[in-house]
Amino acid sequence: MRLVRTAVLAAAALLLASCGRAPPTDKEMTATFLAKRAAFEALREDLCKLKYDQTITRDWAQPQMPAADEKRLRARLDALGAVSVKYLRGCQFWIEMWSSGIGQESAYKKYRYGPPLYPLNQVKGPPPKDPNTYLETRVRLSSFQKKIDGDWWIEVDPWL
């Protein structure tokens, strides 16, 4: 009986995850970034003052963050329409804007600030496609990045 309940819950979770909204296009994300640049920079300033790694999601934040700081950062994320943020010491962070699926079937679209942590694969030949096309194919790559300005990037993680 427990196995049946678990299977039903897993199927329901997959169904709900597949009914989400479509990912924002790079053009939409760039327009949002340009329109709300001051808010993005204010979040960057707050995060880059931290002396420790930090993750803030819809439901929780790591315990080392004071409640007042968490409240301020959550307000900044809400103003951007963001789902979560993951910060690493040294002023490197990801602002999740969209996600779909669970486990190996998950995909994410984010803003990222900072230099690349790994080399980028370059595709030769015809001009690169919109990274959203990779969300449909679930290719086994870490992520695709597109520079917006300075150290700001749009990042697509089609498979984690």
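pLDDT is the predictor's confidence in each residue, on a scale from 0 to 100. Keep that in mind, since what you have open is a predicted model.

**Stop 1: the whole chain**

Start by colouring everything by pLDDT. The chain averages 79, and 68% of its residues reach 70 or more. Now select residues 6–18: pLDDT stays under 50 there, and the model gives this stretch three contacts beyond four places in sequence. Where pLDDT is low, the predicted coordinates should not be read in detail. So let's move on.

Switch to a cartoon view. You should find five helices and six strands. Walking from the N terminus, you pass them in the order α-α-α-β-α-β-β-β-α-β-β. Of the 160 residues, 35% count as buried. Among contacts with a separation of 6 or more, 54% join residues 24 or more positions apart.

**Stop 2: the sheet**

Select the six strands. They make an open sheet, ordered β1-β2-β3-β4-β6-β5, and the pairing is antiparallel. Which strands stand at the edges? They are β1 (54–56) and β5 (144–149); each has a single partner strand, so one side of each is left without a neighbour in the sheet. Look along the sheet and you'll see the twist: neighbouring strands are turned by 20° against each other on average, direction ignored.

Now go across it, beginning at β1. Three bridges join β1 to the antiparallel β2. Click on I56 and you'll find V85 of β2 opposite. Stay on V85 and look across to β3, where I95 stands opposite. β2 and β3 are antiparallel too, paired over five bridges. Follow the chain from one to the other and you go round a hairpin with three residues between the strands; G90, in that turn, has a positive phi of about 100°.

Jump next to β4 (residues 107–113). Its pairing with β6 (residues 152–157) is antiparallel and runs over six bridges. To see one facing pair, select R112 and W153, the latter in β6. On to the last pairing: β5 and β6 are held in the antiparallel sense over five bridges, with K146 opposite I154 of β6. These two strands form a hairpin as well, with two residues between them, and G150 in the turn has a positive phi of about 55°.

**Stop 3: helix α3, on the sheet**

Add residues 37–48, which are helix α3. This helix packs on the sheet, touching β2 (84–88), β3 (92–100), β4, β5 and β6. Compare its direction with that of β3: the two make about 125°.

**Stop 4: helix α4**

Select residues 67–80 and put a distance marker between the two end C-alpha atoms. At 1.5 Å a residue, the 14 residues of α4 should span 20 Å, and the ends are indeed 20 Å apart, which agrees. Which residues of α4 are buried? L73, L77 and L80. Turn the view to look down the axis of α4: the buried residues fall within an arc of 55°, so they line one face of the helix. That buried set packs against α3, β1, β2 and β3. Swing round to the other side of α4 and you meet the exposed A67, A68, K71 and D78. Just after α4 comes G81, with a positive phi near 75°.

**Stop 5: helix α2 and the loop before it**

Finish with residues 26–35, helix α2. Its buried residues are D26, M29 and F33. Around the axis they cover an arc of only 65°, which puts them on the same side of α2. What covers them includes α3, β3, β4, β5 and β6. On the other side, K27, L34 and A35 are exposed.

One last click: P23, in the loop between α1 (2–18) and α2. Is P23 buried or partly exposed? It is partly exposed, with a relative accessible area of 22%, because buried means under 20%. Now select M97 as well. P23 and M97 are 74 residues apart along the chain, while 8.6 Å separates their C-alpha atoms.

Note on methods:
Residues are numbered from 1 along each chain as its sequence is written. This is a predicted model: local features need pLDDT of at least 70, side-chain atom pairs count only at pLDDT 80 or more; totals for chains, interfaces and linings use all residues. Side-chain values use heavy atoms; hydrogens and water are left out. Two strands pair if DSSP finds at least two bridges between them. Helices (H or I, at least four residues) and strands (E, at least two) are DSSP runs, numbered from the N terminus. Axes are lines fitted to C-alpha atoms, for helices over the stretch in contact, and angles run from 0 to 180 degrees between N-to-C directions. Contact means heavy atoms within 4.5 Å. The expected span of a helix is 1.5 Å times one less than its number of residues. Buried means under 20% relative accessible area, exposed over 50%, partly exposed in between (1.4 Å probe, protein chains only). The arc is that of the directions from the helix axis to the C-beta atoms.
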